[in-house]
Amino acid sequence: MIAQQLVNGVMLGAIYMLVAVAFTLAIGILNFLNFSIPGLFMVGGMVTWALLAQGWHWSIAVGAALLAAAFVALLVERLSYRPSRDADPEVPLASALGFLILLENLFVIRYGSDQLSFPALLPDFNWRLGGLVIGGAQLVSLAVAVALVLWLSVLLRRTNTGRRIRAVAESRETAVILGVDVGRLVPQVFVSSAVFTAAGGVLFALNYLQVSATMGEGVGFKGVAAMIIGGMGSIWGAILGGLLIGLAEVLTIGFLGADLVDIAVYGLLLALLILRPEGLLGRPAAREKL
Amino acid sequence: MALLDIENLAVSYGPVAALRGVTLAVEEGRITTILGANGAGKSTLLRAALGAVAPRAGTIRFAGADVTRLPVHKRVAAGLSLVPEGRRILITMTIEENLLLGAHLRPDQGAVRAEMAAIYDRFPNLASRRHMAAACLSGGEQQMLAIGRAMLARPRLLMLDEPSLGLSPLFVERLFGLIAELNRGGLSMLLVEQNTGLALGVAHHAVVLELGRVVMQGDPAVLARDPRLQEAYLGESAEPAPQPIPAA
């Protein structure tokens with residue numbers, strides 16, 4: 001029983017992990033708490049759903065949903081982040097939050113606010129391992145999430161683009177002096193962050209077989225919590241935080257009841273912040289970014 | 001034609017004028033040093049040459065092309081490289097990653113590894129800790145790393161902003177030995193340095209800035225004997241200047 005709960009928790013955690021990494025990219029590199037990210041999560045799930053309903057092939061629907069999220073992220077960069085970059089940090093935060101509300105309401109107007117049922121794309125497949133049952137959608141989620149995170153960590157560690165990104169994260173001024181084209185890099189970071197969160201939205205739909213215009217909210221805030229638990233700005237912290245929150249959620253449902261999920265998750269956040277304000281992998285003094 | 005040609009350059013920070021019409025030429029293959037008190041505009045001049053601050057007026061020509069409106073990354077790619085004041089090592093990245101960042105714009109990535117090996121040969125302290133965070137280096141080692149990083153961009157003009165600041169006498173000696181040696185290899189340099197005696201000793205041409213204007217320039221040996229300069233920057237003229245260039 002507990003082993004099955006752990007498996008389920010890791011699978012759910014994989015989705016939180018993607019959202020937490022999306023937040024971490026924005027805050028670690030750009031020092032921007034991008035509150036439009038839950039909206040991009042929703043765009044991932046909802047656009048995929050809408051195009052499937054039109055009869056499109058799943059691969060095109062998913063690809064178009066990721067592109068749509070990337071496009072919206074570029075709009076946020078252009079209209080929210082860039083104009084207020086030199087203003088107080090609260091300004092872009094508020095305008096990104098405005099973007100989230102705008103996005104959600106646009107989708108409510110078009111598709112209503114009810115839960116919409118998402119077709120089962122994967123054959124009802126269960127992999128039995130000892131006493132454990134692992135669903136096909138769960139396996140796909142874990143594989144996609146791990147692949148994306150691995151890709152990101154290789155990119156950041158081993159490529160010139162990754163080193164440029166990490167230089168900007170540590171000191172934008174030094175990066176500029178070294179010839180990093182920050183004006184080109186920033187939109188790329190927005191797009192990567194959008195792809196992570198929108199992929200999370202698609203995987204969420206695939207697992208729970210439902211989407212809605214507000215599907216990003218609960219997951220988005222847990223993504224922020226995961227990022228904070230792991231340590232602001234640390235990619236590995238976001239991964240660890242996402243997994244922990246997924247586990248905490250599933251174990252709470254299993255042993256304490258579904259009513260207590262949010263109390264348990266945010267209680268965990270609070271307790272960890274009291275014990276370790278810098279997060280699990282954050283560093284208090286010279287905080288490591290990425 | 002000069003390698004770097006700056007004409008009537010004016011830079012302001014808000015209402016404060018940092019450079020008020022500076023004209024100077026940096027000749028190929030030579031070391032040009034810029035002297036002046038704090039706030040004279042030396043760092044601003046280097047930053048404007050790199051493109052990190054936008055000029056209010058004036059033109060900057062590098063290697064025959066007008067680069068006044070070019071962004072920094074295009075100037076770095078064209079061969080301008082700055083070792084900034086305070087070294088600006090990226091301390092969350094490893095020594096090797098710092099070096100690789102110097103070369104990130106080069107099209108010939110294949111040649112970079114060999115050049116890095118040469119830098120490691122020269123600075124064994126960097127080689128033995130190449131995979132450690134650059135925060136572990138001493139100030140002098142960080143300065144060597146900053147110069148190595150700038151060299152990996154394969155600059156045609158290396159600009160150094162106060163490289164000896166905060167270094168131990170031993171490292172200052174090594175630093176000036178390195179500067180002289182790199183120049184003997186053909187590298188052109190623009191050197192801002194608070195150690196006026198050492199700077200005049202190594203340079204072929206010296207420019208004195210005061211409140212954003214060029215007030216004197218010429219042969220360093222002549223300038224070193226100028227009573228105005230001695231009074232202002234060499235301190236009571238008690239210090240023998242120029243100092244000999246230390247052996248490399």
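**Close-up views of a two-chain predicted model**

**View 1. A leucine in a loop of chain A.** A:L209 sits in the loop that links helix 8 to strand 4 (210-211) of chain A. Like everything shown in these views, this loop belongs to a predicted model. The backbone here has a feature to look out for: the phi angle of A:L209 is near 55 degrees, a positive value in a residue other than glycine. Is A:L209 buried, exposed or partly exposed? A:L209 has 15 C-beta neighbours inside 10 Å, so it counts as partly exposed.

**View 2. A threonine inside helix 8 of chain A.** Stepping back along the chain, we meet A:T197, which is part of helix 8 (residues 182-208) of chain A. A:T197 is buried, as 34 other C-beta atoms lie within 10 Å; the cut-off for being buried is 20 or more. Which residues does A:T197 touch, not counting those up to four places away in sequence? They are A:L18, A:V19, A:A22, A:I37, A:L40, A:F41 and A:G44. Another residue to find in this view is A:I15: 182 residues separate A:T197 from A:I15 in sequence, while their C-alpha atoms are 8.5 Å apart in space.

**View 3. The largest nonpolar core.** A:I15 appears again here, this time as a member of the largest nonpolar core, which has 168 residues. A:I15, A:M17, A:V21, A:V43, A:A69 and A:A198 are the members that touch the most others. Which helix gives the most to this core? The answer is helix 1 (residues 2-30) of chain A, with 18 residues. For a closer look, pick A:V21: setting aside neighbours within four places in sequence, A:V21 is in contact with A:V149, A:L152, A:F196, A:I235, A:A238 and A:I239. As background, nonpolar side chains tend to be buried together in soluble globular proteins.

**View 4. How confident the prediction is in chain A.** The average pLDDT of chain A is 91, and 97% of the residues score at least 70. Among the elements of chain A, helix 2 (residues 37-53) has the highest mean pLDDT, at 97, and strand 2 (residues 126-129) the lowest, at 80.

**View 5. Where chain B meets chain A.** This view brings the two chains together: 21 residues of chain B are in contact with 17 residues of chain A. On the side of chain B that touches chain A, helix 2 (72-78) and helix 3 (95-102) of chain B each supply at least two residues. What kinds of residue make up that side of chain B? There are 15 nonpolar, four polar and two charged residues.

**View 6. An antiparallel sheet in chain B.** Four strands of chain B form an open sheet in the order 2-1-4-5, with antiparallel pairing. Its edges are strand 2 (16-26) and strand 5 (65-66) of chain B, each of which pairs on one side only. Strand 1 (residues 4-13) of chain B joins strand 2 through eight bridges in the antiparallel sense, and B:I6 stands opposite B:L24 in strand 2. These two strands form a hairpin with two residues between them, and B:G14 in the turn has a positive phi of about 60 degrees.

**View 7. The other edge of that sheet.** Strand 4 (residues 57-62) and strand 5 of chain B run antiparallel and are joined by two bridges. Facing B:R61 you will find B:D66 in strand 5 of chain B. B:A63 lies in the loop between strand 4 and strand 5 of chain B, and has a positive phi of about 50 degrees although it is not a glycine. B:A63 is partly exposed, with 16 other C-beta atoms within 10 Å.

**View 8. An enclosed strand of chain B.** Why is strand 8 (residues 188-192) of chain B described as largely enclosed by the rest of the structure? Because five of its five residues are buried. B:S188, B:L190 and B:V192 point one way from strand 8, and B:M189 and B:L191 the other way. In a regular strand, side chains alternate between the two faces of the sheet. Strand 3 (residues 31-35) of chain B runs parallel to strand 8, joined by four bridges, with B:I31 opposite B:M189. Strand 7 (residues 157-161) of chain B also pairs with strand 8 in the parallel sense, over five bridges, and here B:L157 stands opposite B:S188. Together with helix 7 (residues 169-184) of chain B, strand 7 and strand 8 make a right-handed β-α-β unit.

Notes
Residues numbered from 1 in each chain as written. Chains lettered and ligands numbered in written order. Buried ≥ 20, exposed ≤ 12 C-beta atoms within 10 Å, placed from the backbone. Pairing = 2+ DSSP bridges. Right-handed = clockwise from strand over helix to strand, strands pointing away. Core = buried A, V, L, I, M, F, W, Y, C linked by C-beta atoms within 7 Å. Contact = placed C-beta atoms within 7 Å. pLDDT = per-residue confidence, 0-100. Nonpolar A, V, L, I, M, F, W, Y, C, P; charged D, E, K, R; others polar.
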